[in-house]
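Work through the exercises below with the structure open beside you. Try each task before you read its solution.

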Amino acid sequence: MKIDILGTDFESFSFSDEILSAIKAMGFENPTEIQDKTIPAILEGKDVLARADTGSGKTAAFVLPLLDNLSNQNVYSKIGRTQRFNATERVASNCVQIIVLVPTRELAIQVADVFSELAKNIQPTLKCLSVYGGVKINPQMQALRGGVDVLVSTPGRLLNLADQNAIKFNQVKALVIDEVDRLMKGDFQEEIERIGKLLPNKRQNLMFTATFPESITALVRNVMTAPEIINIDEFEDELEIEQRAITVNHHQKNDLLAYLIRENDWRQVLIFCSAKRTCDNLVKKLEKREIEAVAMHSNKEQSVRIAALKNFKAGKTHILVATDVASRGIDIDQLPCVINYDLPRSPNDYVHRVGRTGRAGEKGLVISLISHHEYQHFSVIEKRNSIQLEREEIVGFEVDAVAPPMPKKSPKVKKVKRTKKQKGSLKREQETTRKTIDHYDQKSNDVESLESTANAHIWGNLKKK
Ligand code: ADP
Ligand code: MG
């Protein structure tokens, strides 16, 4: 990402001094390209559909103009710039002015933090709140009682709050859908449609994404009114993220991973697995090899998930092993390395995983460990994302020419009469077979999820067209 290629500055948007000082405190010198293109359109009140690469500053691209609109339009235009809005101008109880929908709880917290950070100098204070599932709803209901200016939520929890009459939508001015490709799909899509029906028809709609499947274009257009479509395309050679693919026998992945972590001096590593169980197992396997790691996935308690990410963001944890729950939107400052322990389900998720590193123009590295059963799926990922990576091997972990055989399920044994001694040795043999099968069942589960992935509906990539 080129942060300052346009040479424009934040002053050119006529933001209030409160906002300009908060931008400065964040250390932003110039707007990124997506910010430069979207901020004027949002300030004008247009609907916007924006696509730009991961880590290109999409959050501030909607946060800044929305905050400015909140503090200017509602306040100054009505009662004059010198007078400040009084109690009657504020959001009514249980009402909300801006709703931001995101796919994960951690992203809700992160986006609400960006709102709070950039709104910190605005007086009187704007109330920004994040709500999400996995925690008690009552404190969230209480927090909504006094009205909230900006509410960042996961779709499910927003509907729960609506069902409980904890939230009124009549003051909603804008709806933002971040990671819109994820939220316009599957169960989320139904929830978004239900939410859409609750909101006033007259509102500003803003949608942001890094990957944009054309299949949802029509859907998005149905929701939006004459949207301004902004697509920031980046040239391959501008990308600062190095991608590598290392082939390895499946049973040697743990040793290779430990070797790579030891050999390289990475400050932090984010490791992605496709299954929750694989994350937990991998943490144990790494610990056996005297490498400390923390797992994060949706089976963990919410407080544990939040703590895991917080510690990782703060640099207190060096290795985080996560499912794709951490692949969307999460912003980790200067994360040097992402490792795909196994491959993501969809080619688009590969892009999102890659996007956790190399943010805000930093350099980044992504390594995918691929074994025989993943070769074909990785080729699909490459094709869909218009990349072609050389297959590397690491000395000492060379891959077998043919996939090591997966053991078959235990064969049917004919009942034969055996002596006591024969029975004893058979029992021992069966025990060994059971252990091996458990071991491979686990792996074939992973294989299964990957194969279904390969067959799953694969999103196109607007960016690469
Ligand atoms: P995206 O949503 O596009 O993936 P984010 O909004 O999370 O990206 O921003 C990525 C990183 O870039 C964040 O750490 C953010 O603080 C930083 N950033 C955003 N805008 C700017 C800017 N104008 N100048 C410098 N850094 C920025
Ligand atoms: Mg984002």
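**Exercise 1: A buried pair**

Both Arg 305 and Glu 106 are buried, where buried means under 20% relative accessible area, exposed over 50%, and partly exposed in between (1.4 Å probe, protein chains only). The model is predicted: local features need pLDDT of at least 70, side-chain atom pairs count only at pLDDT 80 or more, and totals for chains, interfaces and linings use all residues. Residues are numbered from 1 along each chain as its sequence is written, chains are lettered from A and ligands numbered from 1 in the order in which they are written, and side-chain values use heavy atoms, with hydrogens and water left out.

Task: Find what Arg 305 forms with Glu 106.

Solution.
- Step 1. Take the closest N and O atoms of Arg 305 and Glu 106; they are 2.7 Å apart.
- Step 2. Apply the rule: a salt bridge is a side-chain nitrogen of Lys or Arg within 4 Å of a carboxyl oxygen of Asp or Glu. Arg 305 and Glu 106 form a salt bridge.
- Step 3. Place the partners. Arg 305 is in helix α12 (residues 302-313) and Glu 106 in helix α4 (residues 105-118), 199 residues apart. Helices (H or I, at least four residues) and strands (E, at least two) are DSSP runs, numbered from the N terminus.

**Exercise 2: More salt bridges**

Task: State how many salt bridges a search of the whole structure finds, then examine examples.

Solution.
- Step 1. The search finds 18 salt bridges.
- Step 2. One of them joins Glu 228 to Lys 46, with the closest N and O atoms 3.0 Å apart. Glu 228 lies in strand β7 (residues 228-231) and Lys 46 in the loop between α2 (33-43) and β1 (48-51), so the pair ties together parts that are 182 residues apart in sequence.
- Step 3. Check exposure. Glu 228 is partly exposed, at 28% relative accessibility. Lys 46 is partly exposed too, at 32%.
- Step 4. Turn to Glu 392 and Arg 244. Their side chains meet in a salt bridge of 2.8 Å, N to O. Glu 392 is in strand β14 (residues 391-392) and Arg 244 in strand β8 (residues 241-247), 148 residues apart. Glu 392 has 21% relative accessibility, so it counts as partly exposed.
- Step 5. Look for a network. Salt bridges link Glu 179, Asp 181, Arg 328 and Asp 349.

**Exercise 3: Around the ligand**

Task: Describe the surroundings of ligand 1.

Solution.
- Step 1. Ligand 1 is surrounded by 17 residues, each with a heavy atom within 4 Å of it. Asn 30, Gly 55, Thr 59, Asp 331 and Arg 359 are the closest.
- Step 2. A polar backbone atom of Asn 30 is 2.8 Å from a nitrogen atom of ligand 1.
- Step 3. A polar side-chain atom of Arg 359 lies 2.8 Å from an oxygen atom of the ligand. The protein covers 85% of the 560 Å² of accessible area that ligand 1 has on its own (Shrake-Rupley method, 1.4 Å probe).

**Exercise 4: Gln 140**

Task: Is Gln 140 buried or exposed? What does its side chain reach?

Solution.
- Step 1. Gln 140 lies in helix α5 (residues 138-145).
- Step 2. Its relative accessible area is 8%, so Gln 140 is buried.
- Step 3. The Gln 140 side chain reaches the backbone oxygen of Tyr 132 at 3.1 Å.

Key: Polar contact = N/O pair within 3.5 Å; in protein donor to acceptor, adjacent residues only side chain to side chain.
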